[in-house]
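Thank you all for making the time this morning. I would like to walk you through one model, and I will try to keep what I say close to what can be read from the coordinates.

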Amino acid sequence: MILKITNISKLYSNGVQALRNVTLTIPNGMYGLLGPNGAGKSTLMRILATLQEPDTGSIYLDEIDVLNQKAAVRQTLGYLPQEFGVYPKAKAEDLLDYFAVLKGITNRAARKEVVAALLKQTNLWDKRRQQLGSFSGGMKQRFGVAVALLGNPKLMIVDEPTAGLDPAERVRFLNLLSELGENSVVILSTHIVEDVRELCTRMAIINKGQILQEAEPLKAVAGL
Ligand code: ADP
Ligand code: ADP
C-alpha cells in the first residue's frame, strides 16, 4: 500500500487557510504528522478519512481515488478521531458488535469472533460488559482502536491519540499502536515529539497548513 497526497488545500469559510498545497507520499508502516495546535493536522486527517472535502488536490491509496471513491476507501479505512465520542450507556461488547455490523460483518458467528479478538487485543476483554461511560480516558482510546481495527483496515488514521492520557495510559496505548499493521498505512497526528520518536519510521512536520519537512524522525527532531 502507498498513499499519495498531492496539492491538497483547504480554505474554511471563515478565511482560515487550514491546508496549503500539502503533498506527501506515505508508504506502509507508521507515519508521524507532527505539528502544533492549529497546524491543520485534524483537517488533513478528516479529509483522508473522507469526512471532509478539500478545495483542490488528489489523494490515491494504491489505485483507489480517495476523493472520488469514498465507499471503496471506507471499506478499508480505520479512523480514530481525537476524541472518541461514545454512547455512555452502551456496553463495550455491544457497541463494538454494532460497529462491526456497520462495517459489513453481517455473519453473527464471525462477528462474535472478531469482537472477542479485538477486545482481547486492546486489553478490554474483562471490561466487555461495562458501560463505556465508566471507562477511563485510556480505556476509551483503546476502545476506539478496537473500532478502528474492525475489518482489517489498509489505511489507519489516528488523530492526536495521546491527548488527555495520563503517562501510564499513554505508554500502554503507544504499545498497542506499535503492534499495528506492517501491511497497512498508519498515519499518526500529534503535537508530541515523543509520540513520533517512539513509534514512527517516517514523519513530516506541518505548520500553518504547510509541510515544512519530511524526514526520518530523529534527524528531523534534532533539526527543530
Ligand atoms: P466549511 O468552510 O468547510 O463549510 P465552516 O466554516 O462552515 O466550514 O464550519 C464548519 C463547522 O465548523 C461549523 O459548525 C463551524 O461552527 C465549525 N467551526 C468554525 N470555526 C471553527 C474552528 N476554528 N475550529 C473548529 N470548528 C470550527
Ligand atoms: P490541528 O489539528 O493541527 O490543531 P486543525 O485542522 O484543527 O489543526 O485546524 C487548522 C486551522 O483551521 C485552525 O486555525 C482552526 O481554527 C481552523 N479550523 C479547523 N476547523 C475549522 C472549521 N470547521 N471551520 C473553520 N476553521 C476551522
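I will take the two sheets first and then the two ligands.

Before anything else, please keep in mind that what you have on the screen is a predicted model, so every distance and angle I quote is computed from predicted coordinates.

Let me begin with the sheet that holds the N-terminal strands. It is an open sheet of four strands, ordered β2-β1-β4-β5, and the pairing in it is antiparallel. At its edges are β2, residues 17–27, and β5, residues 64–65, each of which pairs on one side only. Against this sheet packs helix α1, residues 41–48, which touches β1 (2–11), β2 and β4, and whose direction makes about 120 degrees with that of β1.

Within that sheet, β1 and β2 run antiparallel and are joined by seven bridges, and if you want one pair to anchor your view, isoleucine 2 stands opposite proline 27 in β2. The two strands form a hairpin with five residues between them, and glycine 15, which sits in the turn, has a positive phi of about 95 degrees. Further along the sheet, strand β4, residues 56–61, is joined to β5 by two bridges, again with the strands running antiparallel, and here leucine 61 is opposite isoleucine 64 in β5.

Now to the other sheet. This one is also open, but it has six strands, in the order β6-β7-β8-β3-β9-β10, and its pairing is mixed. The edge strands, each pairing on one side only, are β6 (77–80) and β10 (210–215), and from one strand to the next the twist averages 15 degrees.

Where can we see the mixed pairing in particular strands? Strand β3, residues 29–34, pairs with strand β9, residues 202–207, in the parallel sense over four bridges; among the partners, tyrosine 31 is matched with arginine 202, and glycine 32 with methionine 203. On the other hand, β9 pairs with β10 in the antiparallel sense, over five bridges, and in that pairing alanine 204 stands opposite glutamate 214. The hairpin made by β9 and β10 has two residues between the strands, and lysine 208 in that hairpin takes a positive phi near 50 degrees.

Let me turn to the ligands, starting with ligand 1. Which residues are around ligand 1? They are Lys10, Tyr12, Ser13 and Asn14, and by class this shell divides into one nonpolar, two polar and one charged residue. Two side chains deserve a look: a polar side-chain atom of serine 13 lies 2.6 Å from an oxygen atom of the ligand, and for lysine 10 the corresponding distance from a polar side-chain atom to an oxygen atom of ligand 1 is 3.3 Å. The protein covers 25% of the 560 Å² of accessible area that ligand 1 has on its own.

Ligand 2 has 13 residues around it, of which Gly38, Gly40, Lys41, Ser42 and Thr43 come nearest. Which element contributes the largest share of the shell around ligand 2? It is α1, with four residues, and this is the helix that I described earlier as packing on the four-stranded sheet. The shell as a whole divides into five nonpolar, six polar and two charged residues.

For ligand 2, the polar contacts I want to show involve the backbone. A backbone N or O atom of glycine 38 lies 2.7 Å from an oxygen atom of the ligand, a polar backbone atom of alanine 39 is 3.1 Å from an oxygen atom of the ligand, and a polar backbone atom of serine 42 is 2.7 Å from an oxygen atom of the ligand. Of the 560 Å² of accessible area that ligand 2 has on its own, the protein covers 65%.

With that, I am happy to go back to any of these views.

Conventions:
Residues are numbered from 1 along each chain as its sequence is written. Chains are lettered from A and ligands numbered from 1 in the order in which they are written. This is a predicted model: local features need pLDDT of at least 70, side-chain atom pairs count only at pLDDT 80 or more; totals for chains, interfaces and linings use all residues. Side-chain values use heavy atoms; hydrogens and water are left out. A residue is near a molecule or strand if one of its heavy atoms lies within 4 Å of it. A polar contact is a pair of N or O atoms within 3.5 Å; within protein, one must be able to donate a hydrogen and the other to accept it, and residues adjacent in sequence count only if both atoms are side-chain atoms. Accessible areas come from the Shrake-Rupley method with a 1.4 Å probe; for residues, only the protein chains shown count as cover. Ala, Val, Leu, Ile, Met, Phe, Trp, Tyr, Cys and Pro count as nonpolar, Asp, Glu, Lys and Arg as charged, and the others, Gly among them, as polar. Two strands pair if DSSP finds at least two bridges between them. Contact means heavy atoms within 4.5 Å. Axes are lines fitted to C-alpha atoms, for helices over the stretch in contact, and angles run from 0 to 180 degrees between N-to-C directions.
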